[in-house]
Amino acid sequence: MKDINRRDLSADDWDELNFPRPDEQEFDRVVERALSRRGFLGGIIAFGSGAAALGAGMLKGSTALAGTARFAFDGIPAATDHTVHVPEGYDWKVLVRWGDPLFSDAAGDFDHETGGSAAKADRVFGENTDGMALFVIDGRQVIAVNHEYTNRKVNLPRAEGGTPRNAEDVEKLQKLQGVSVFELAEGPQGWQVVVDSPLNRRITHRTPMRIAGPAAGHEWMRTAADPAGTESLGTFNNCGSGRTPWGTYLTCEENFNGYFGASGGFAVEGLAAEGYRRYGISAKGWGYDYHLWDARFDVTQNPNEPHRAGWVVEIDPADPGSTPVKRTALGRFKHENAECVLAPDGRVVVYMGDDERGEFLYKFVSRDVYVPGGDTSTLLDEGQLYAARFEDDGTGRWLALTPRATGMTEAEIAIFTRIAASRVGATTMDRPEWVAVNPVAAEAYCALTNNKNRGLKTNAGGDWQRVGGPNPREANRYGQILRWRPAADDHAAERFAWDLYVMCGNPEVAEGANRGSDNITAGNMFNAPDCLVFDSAGMLWIQTDGKDSNEGPFAGQGNNQMLAGDPVTGEIRRFLTGPKGSEVTGLVWSADRRTMFVGIQHPGAPFPDGEGKLPRSSIIAIWRRDGRPVG
Ligand code: FEO
Ligand code: CA
Ligand code: CA
């Protein structure tokens with residue numbers, strides 16, 4: 001296992017390598033699959049042809065925009081090189097890289113021989129920038145941003161194979177992940193980090209957290225270090241993000257299972273044992289080897305510690321001394337992001353994807369309403385969690401995960417949410433990534449990034465991954481973007497209508513449905529949509545984390561990229577290409593919307609510092625040369 005470079009594999013591929021899923025093939029299921037596939041793909045292709053008409057019909061109050069070009073740029077070609085490209089009339093520069101100081105006690109030239117010290121690893125910008133949000137706090141602009149995982153061979157360049165050699169190496173990895181909160185300001189050199197701002201903060205795998213909601217205090221949440229089950233250390237594998245209407249940051253714990261390992265057996269039974277299998281807790285972990293140097297991550301000694309990860313965590317960026325809160329009412333799974341929107345009656349709706357093959361799409365609806373200026377401290381603790389079920393006829397329903405429907409207690413539903421959703425018959429999805437809500441129309445979008453097991457295997461809970469509905473392609477290698485419109489324009493409603501905004505594909509080399517929907521062309525094709533963010537005008541920005549071989553089925557698609565999509569016409573244009581090996585993830589705008597900030601995660605070559613240097617994940621700033629807004 002150790003000689004495989006984590007950076008050559010997607011997170012899911014790595015998980016599967018370590019924790020293979022069971023195969024399942026039954027003759028009648030294969031027949032059912034073939035029939036529904038033939039029937040449904042006809043519908044998808046028809047949708048592609050009629051995207052403009054369907055879209056205009058769905059979008060409340062936006063028909064005036066149909067037919068007008070809403071793009072402020074010409075699409076750019078695919079690229080295969082080691083830098084960033086943006087359209088004519090735009091420019092970019094690096095805002096901050098892994099290892100750049102957030103505090104002056106970590107200032108000085110970055111050490112490309114060592115990748116920096118463990119002692120200062122939580123005083124610098126962390127590794128693998130991902131989801132982010134921008135806040136204006138007392139007139140200061142502040143970005144909160146996730147550091148998803150580490151690239152061990154890069155971050156520990158002196159450790160053979162990137163394998164931690166001692167507790168100090170583990171300490172460094174733990175401190176390079178989590179979240180950065182930093183102030184930025186625009187000066188003569190453009191946007192820069194405000195080093196030593198009183199709002200700057202690092203949150204890591206070691207930061208004290210409070211556990212709130214239905215799982216708090218449950219016996220499966222208790223450990224020797226925390227017998228009450230209400231306080232944990234660290235937030236893990238922080239992938240996508242969210243922003244509440246009251247100005248807090250939501251960071252989402254995704255592939256948390258990879259940090260745990262076992263020195264011996266697992267003393268877990270019943271639902272907990274089922275949970276270990278479903279969430280992929282394994283003896284070897286994913287190579288971080290924390291468990292060899294830090295007993296907290298050894299599930300032989302601390303079998304409940306993994307239950308304290310896999311949550312959405314709320315952080316107040318205005319108060320650097322505040323304790324982040326794990327909001328267990330939002331469920332425990334491999335959280336992608338947490339997209340917040342208010343229902344017409346003021347209840348808070350949070351849409352969330354669970355990014356693993358055949359897992360589910362969720363939403364939470366708060367019990368209480370949001371009142372501006374009111375107490376928001378428990379708004380995300382009381383409410384109803386739902387999982388989505390999709391029908392082939394373009395309708396769907398949110399299934400409430402209640403004790404009555406699942407046969408589980410509220411705490412069990414929170415801790416083993418995947419099991420609860422399986423019990424109510426939610427629809428297995430093609431890896432739900434980010435959800436984004438359109439600010440100018442009552443609709444939401446979710447990137448379904450890909451799923452090589454669709455139609456071929458069950459998910460980890462034994463639920464068959466049927467070909468059909470919003471997951472219409474067997475062994476789906478390109479991905480698609482799903483959208484839904486809630487009944488009565490109310491995101492709290494239990495019913496919705498859905499369609500596919502785009503089916504990614506390759507019209508140059510692929511056949512049939514793998515060519516993609518009609519809004520995919522040789523000039524804009526891409527695979528594996530991941531991060532989705534709307535701008536203020538209602539344009540959908542799409543970032544990718546896919547195969548960048550530029551060969552075979554992916555020929556002509558080049559490096560990972562960022563595109564903009566018009567929800568009304570369906571048109572999609574490529575705006576940015578990232579350096580080879582990188583994933584493009586995370587997008588925010590400055591308060592005046594004249595600069596966009598985009599994350600470049602795990603570049604393969606020595607971006608941005610050049611030959612002989614370590615590759616460094618970076619946030620870049622992009623602006624128009626004429627100074628006009630960019631979204
Ligand atoms: Fe961390 Fe699902 O992307
Ligand atoms: Ca992602
Ligand atoms: Ca990703």
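Leaving aside neighbours within four places in sequence, E314 is in contact with T244, W246, T248, Y249, L250, P324, V325, R327 and L380. The model is a predicted one, and this residue makes a handy way in. E314 belongs to strand β11, which covers residues 312-315. With a relative accessibility of 7%, E314 counts as buried, because the cut-off for that label is under 20%. One of the contacts just listed is also polar: the side chains of E314 and T248 are joined at 2.6 Å.

Next comes a helix. Helix α5 spans residues 167-176 and is mostly covered, with eight of its 10 residues buried. Those buried residues are D169, V170, E171, K172, L173, Q174, K175 and L176, a list that takes in charged residues such as D169, E171 and K172 along with L173 and L176. As for what does the covering, the elements include β3 (140-147), α4 (152-155), β6 (201-203) and α7 (290-293). The N-terminal end of α5 is capped by N166, which places a side-chain oxygen 3.1 Å from the backbone nitrogen of E168. After the helix comes G178, and its phi is positive, near 110°.

Then there is the sheet. Nine strands make up an open sheet with antiparallel pairing, in the order β13-β14-β15-β16-β17-β21-β20-β19-β18. The edges are taken by β13 and β18 (432-437); each has a single partner strand, so one side of each is left without a neighbour in the sheet. On average, and ignoring direction, neighbouring strands of this sheet are turned by 30° against each other.

Despite standing at an edge of the sheet, strand β13 (residues 335-342) is mostly covered, and six of its eight residues are buried. Its pairing with strand β14 (residues 347-354) is antiparallel and runs over six bridges. Within this pair, V341 stands opposite V349 of β14. The hairpin that β13 and β14 form has four residues between the strands, and G346 takes a positive phi there, near 95°.

Further along the sheet order, strand β15 (residues 361-369) holds L361. L361 has a relative accessible area of 1%, so this residue is buried. L361 and L448 are 87 residues apart along the chain, while their C-alpha atoms are separated by 10.0 Å. Strands β16 (residues 383-390) and β17 (residues 395-400) run antiparallel and are joined by five bridges. Here two arginines face each other across the pair, with R389 standing opposite R397 in β17.

Strand β13 also has a part in metal binding. The calcium ion (ligand 2) is coordinated by an OE atom of E336 and by two OD contacts from D530, at 2.3 to 2.7 Å. The two residues come from distant parts of the chain: E336 lies in strand β13 and D530 in strand β22 (residues 529-534), 194 residues apart. Both E336 and D530 are buried. A second calcium ion (ligand 3) is 3.2 Å from the calcium ion (ligand 2), and D530 coordinates both.

How values were computed:
Residues numbered from 1 in each chain as written. Chains lettered and ligands numbered in written order. Predicted model: local features only at pLDDT ≥ 70, side-chain atom pairs only at ≥ 80, totals over all residues. Heavy atoms only, no water. Buried < 20%, exposed > 50% of the residue type's maximum accessible area, 1.4 Å probe, protein only. Pairing = 2+ DSSP bridges. Donors = N, O, S within 2.8 Å, 3.2 Å for Na, K, Ca; no water. Axes fitted to C-alpha atoms, helices over the stretch in contact; angles between N-to-C directions. Contact = heavy atoms within 4.5 Å. Polar contact = N/O pair within 3.5 Å; in protein donor to acceptor, adjacent residues only side chain to side chain.
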